[in-house]
Amino acid sequence: EPLGHPPLVPIAGAGTIVHHEELPDGRFGIVLRGIGRVELVDETPSSQPFRTAQARLLEDHLPDPGQADADLVAIDECLRILGQRTPKLVEALRTATTSGNDPGVVADRLAAMLFKTPGHRQSFLECTDANERLARVVKRLGVLAVSPMTLIKGRRMGPSAVGGPKLGLQVGVRGQSVEDGQELLDGSFALGAAPGGLDRRMLVY
């Protein structure tokens, strides 16, 4: 494998550059508007200082709209509970839930803030089932809403109900130790470390 030319992942995100600005050091800052998920079919030779490939746009699927509605209600309840301890974090997360009514888009925007490790982020990107993506977001928010301080201290927790019978959402975290949730808490989500909530800058990674 040539240095600086690693293999491409099969699924990527595609977008259009809507604004760019050259920086004093010669680099460029860009604003990208996302188009969707794409499958990279074949890399094409290029003399440019960037790599190019042929891509096929992937369709997003929502097999169960009713379940998506229930998950959006569950997400709202998780954010309400979490907001009692970390209002600044929830303020940032709520921008994703109020920016549109497309369940897949809501899941994607929340995941951009909730998932930190490259493996989790790539796995989420490769999922074209909006119901599955929403379910992952609900599970992740549920773990945070139950007791982030318990995760930080590494104690084991029993199952807890989030939202009660009305939502029918059960977050089972029995036997989950700090290692299982560490990607949520390191750097981006050091919950409980900052009195009065999190610095918004901790969400940028």
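## Exercises on a predicted fold

The protein's accessible surface comes to about 12200 Å², and 55% of this belongs to carbon and sulfur atoms (areas come from the Shrake-Rupley method with a 1.4 Å probe; for residues, only the protein chains shown count as cover). This is a predicted model, in which local features need pLDDT of at least 70 and side-chain atom pairs count only at pLDDT 80 or more, while totals for chains, interfaces and linings use all residues. Residues are numbered from 1 along each chain as its sequence is written, and side-chain values use heavy atoms, with hydrogens and water left out.

**Exercise 1.** Work out which helices and strands the protein has, and in what pattern.

*Solution.* Start with the count: there are eight helices and five strands (DSSP runs numbered from the N terminus; helices are H or I with at least four residues, strands are E with at least two). Then read along the sequence, where the pattern is β-β-β-α-α-α-α-α-α-β-α-β-α.

**Exercise 2.** Describe the three-stranded sheet and its edges.

*Solution.* First, the order: the sheet is open, runs β1-β2-β3 and has antiparallel pairing (strands pair if DSSP finds at least two bridges between them). Its edge strands, β1 (11-22) and β3 (52-57), each pair on one side only. Next, the twist: neighbouring strands are turned by 60° against each other on average, direction ignored. Now look at one pairing: β2 (residues 28-44) is joined to β3 by six bridges, and Val-38 stands opposite Leu-57 in β3. Finally, find helix α4 (residues 118-125), which lies across β1 and β2 and runs at about 105° to β1.

**Exercise 3.** Classify the packing of α1 against α5.

*Solution.* Two packed helices are described by the angle between their axes and the distance between the axes. Here, α1 (residues 65-83) and α5 (residues 130-146) pack at about 20°, with axes 9 Å apart (axes are lines fitted to C-alpha atoms, for helices over the stretch in contact, and angles run from 0 to 180 degrees between N-to-C directions). The two helices are therefore roughly parallel (angles under 35 degrees). To see the interface, look for residues including Leu-72 and Ile-75 in α1, and Leu-134 and Val-138 in α5 (contact means heavy atoms within 4.5 Å).

**Exercise 4.** Is Glu-59 buried or exposed, and where is its place?

*Solution.* Locate Glu-59 in the loop between β3 and α1. Its relative accessible area is 61%, so Glu-59 is exposed (exposed means over 50%, buried under 20%, partly exposed in between, with a 1.4 Å probe and protein chains only). Lastly, the C-alpha atoms of Glu-59 and Gly-36 are separated by 8.1 Å, with their positions 23 residues apart along the chain.

Note on methods: Angles under 35 degrees count as roughly parallel, over 145 as roughly antiparallel, 65 to 115 as roughly perpendicular and the rest as oblique.
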